[in-house]
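Please describe how this chain is put together, from the packing of its helices to its enclosed space and its less usual backbone positions.

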Amino acid sequence: MTKMRIGLLFGGRSGEHEVSISSARAIARALAADENASKYEVLPFYIQKNGRWLSGTLPQQVLATGKPVEIEQQPGQDDSPASAQFPNFNAVDVWFPVLHGPNGEDGTVQGLLKLMQIPFVGSGVLGSALGMDKIAMKMAFAHAGLPQVKYIAVNRSEIWSNPCVFPKLCDNIEATLGYPCFVKPANLGSSVGISKARSRAELEAALDSAASYDRRIIVEAGVVARELECAVLGNDNPKASTVGEITFQSDFYDYETKYTQGQADCSIPAKVSGAIVSQIQEMAVQAFLAIDAAGLARVDFFYIESTGEVLINEINTFPGFTATSMYPQMWAADGISFPELVDRLIQLALERHGEKG
């Protein structure tokens with residue numbers, strides 16, 4: 001039987017480059033597992049931090065060592081995808097883009113893969129773009145009737161370009177959201193650039209910091225809540241997983257807490273009532289459909305235990321995908337192994353590609 005050739009695309013130009021390598025290594029191992037080895041052949045493609053695409057032995061080296069490589073571009077050398085040492089774009093039967101954050105999870109690479117007219121795992125251009133931009137995401141959630149924390153969308157020009165507007169902006173945030181509030185770049189993942197503001201001085205500094213990362217910024221009201229997560233798998237008829245919970249000792253779930261071993265713990269299943277689990281699962285599917293996601297997503301929630309309120313926080317259209325990441329762990333709790341999960345995602349990519357319209 002001829003093996004299906006899976007183009008494993010990883011690395012990328014975002015701050016989540018190393019996370020992407022870890023996810024890709026886990027997926028490569030799953031594709032080589034006994035139940036998948038006879039069906040799939042892995043063709044690894046690595047995007048350096050400078051944006052240059054590599055194929056052949058160097059991506060295999062990165063997968064083996066888990067360490068990034070950086071090959072200097074020669075004078076006059078083209079660094080576009082077409083210049084990489086691909087045997088042939090058409091050598092790939094299904095693309096598996098294991099990219100997190102901007103320039104990988106935001107619809108840019110998805111547009112390129114769509115132009116190739118080759119099936120690829122995960123959401124398309126629209127779902128990826130909506131899932132990355134927190135402001136557009138929240139607008140889609142609001143249209144779907146999903147409850148959220150109060151928020152205000154801000155443009156960089158309101159912070160940097162007009163000194164008369166900035167004080168009024170801060171006044172509006174204080175009056176509408178109060179303290180504490182969270183200031184976030186709209187288009188970054190992994191909690192990069194997020195600040196918690198407890199005073200006017202901290203708010204002004206947080207806005208200035210967020211504006212250095214993105215021209216679109218979102219400010220959210222702070223809530224005292226438990227942080228619950230749910231995995232979604234499917235296309236037009238997606239299914240929701242067991243619900244998990246993230247706990248941590250730090251002030252909030254920032255980048256250091258997220259990626260420092262021992263700083264955060266996960267509990268699967270979360271210790272909440274069956275009614276809350278059902279509500280979260282239903283909301284997770286609604287969120288998935290609201291942004292036209294496909295294949296996979298992890299949906300994050302706030303559960304305000306004192307009132308019983310469940311608020312949607314955000315959706316991640318390509319979450320961390322190592323064996324210890326929440327997404328595969330939640331499906332493992334439902335009896336779907338890591339290799340089986342990877343196999344299902346490839347089949348969903350083929351299904352989506354075969355749809356008309």
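## Packing around the helices

The buried residues of helix α5 pack against α4 (108-116), α6 (134-143) and β13 (309-316). In this helix, which covers residues 125-132, the buried positions are G127, S128, L130, G131 and M132; buried here means under 20% relative accessible area, exposed means over 50%, and partly exposed lies in between, with a 1.4 Å probe and protein chains only. Helices (H or I, at least four residues) and strands (E, at least two) are DSSP runs numbered from the N terminus.

The model is predicted, so that local features need pLDDT of at least 70 and side-chain atom pairs count only at pLDDT 80 or more, while totals for chains, interfaces and linings use all residues. Residues are numbered from 1 along each chain as its sequence is written, and side-chain values use heavy atoms, with hydrogens and water left out.

Taken as a whole, the chain holds 13 helices and 13 strands, and buried residues account for 52% of its 357 residues. Of the contacts in the chain between residues at least 6 apart in sequence, 70% join residues at least 24 apart, where contact means heavy atoms within 4.5 Å.

Helix α9 (residues 200-211) has 12 residues and spans 17 Å from its first C-alpha to its last, close to the 16 Å expected at 1.5 Å a residue; the expected span is 1.5 Å times one less than the number of residues. Within α9, the residues L203, A206, L207, A210 and A211 are buried. These residues lie on the same side of α9 because they cover an arc of only 130 degrees around the axis, the arc being that of the directions from the helix axis to the C-beta atoms. The elements that cover the buried residues of α9 include α7 (156-160), α8 (165-176), β6 (181-185), β7 (195-197) and β8 (216-221).

In helix α3 (residues 57-65), P59, V62 and L63 are the buried residues. They sit on the same side of α3, because the arc that they cover around the axis is only 100 degrees. On the other side of α3, T57 and A64 are exposed. Among the elements covering the buried residues of α3 are β1 (4-11), α1 (17-31), β2 (40-47) and β3 (53-55). Just after α3, G66 takes a positive phi of about 75 degrees.

A further view of the packing comes from A284, which lies in helix α11 and counts as buried at 0% relative accessibility. A284 and V232 are 52 residues apart in sequence, yet their C-alpha atoms are 7.0 Å apart in space. Leaving aside neighbours within four places in sequence, A284 is in contact with C230, V232, V299 and F301.

## Enclosed space

Rolling a probe the size of a water molecule over the atoms shows where empty space is left. On a 1 Å grid over the protein atoms alone, a cavity is a set of points where a 1.4 Å probe fits but cannot get out, and lining residues have an atom within 4 Å of a point. The chain has 1 cavity of 30 Å³ or more, and about 70 Å³ of space lies in the largest cavity. The lining of the largest cavity consists of P97, L99, G104, E105, Q110, V121, G122, S123, S128, T317 and F318. S128, one of these lining residues, is also one of the buried residues of α5. The lining divides into 4 nonpolar, 6 polar and 1 charged residues.

## Backbone positions of note

Most residues other than glycine have a negative phi, and most peptide bonds are trans. The table sets out the two cis peptide bonds described here.

| Residues joined by a cis bond | Omega | Place of the proline |
|---|---|---|
| Y179 and P180 | about -5 degrees | P180: loop between α8 and β6 |
| I268 and P269 | about 0 degrees | P269: loop between β11 (264-267) and α11 (274-290) |

N103 is not a glycine, although its phi is positive at about 60 degrees. The residue N103 lies in the loop between β4 (94-98) and α4, and at 41% relative accessibility N103 counts as partly exposed. D292 likewise has a positive phi of about 60 degrees without being a glycine. The place of D292 is in the loop between α11 and β12 (295-304), and with a relative accessible area of 33% D292 is partly exposed.

How values were computed
1 Å grid on protein atoms, 1.4 Å probe; cavity = no way out; pocket = protein on both sides within 12 Å on 5 of 7 lines; lining within 4 Å. Points joined across faces, edges and corners; volume = space filled by probe spheres on them. Nonpolar A, V, L, I, M, F, W, Y, C, P; charged D, E, K, R; others polar.
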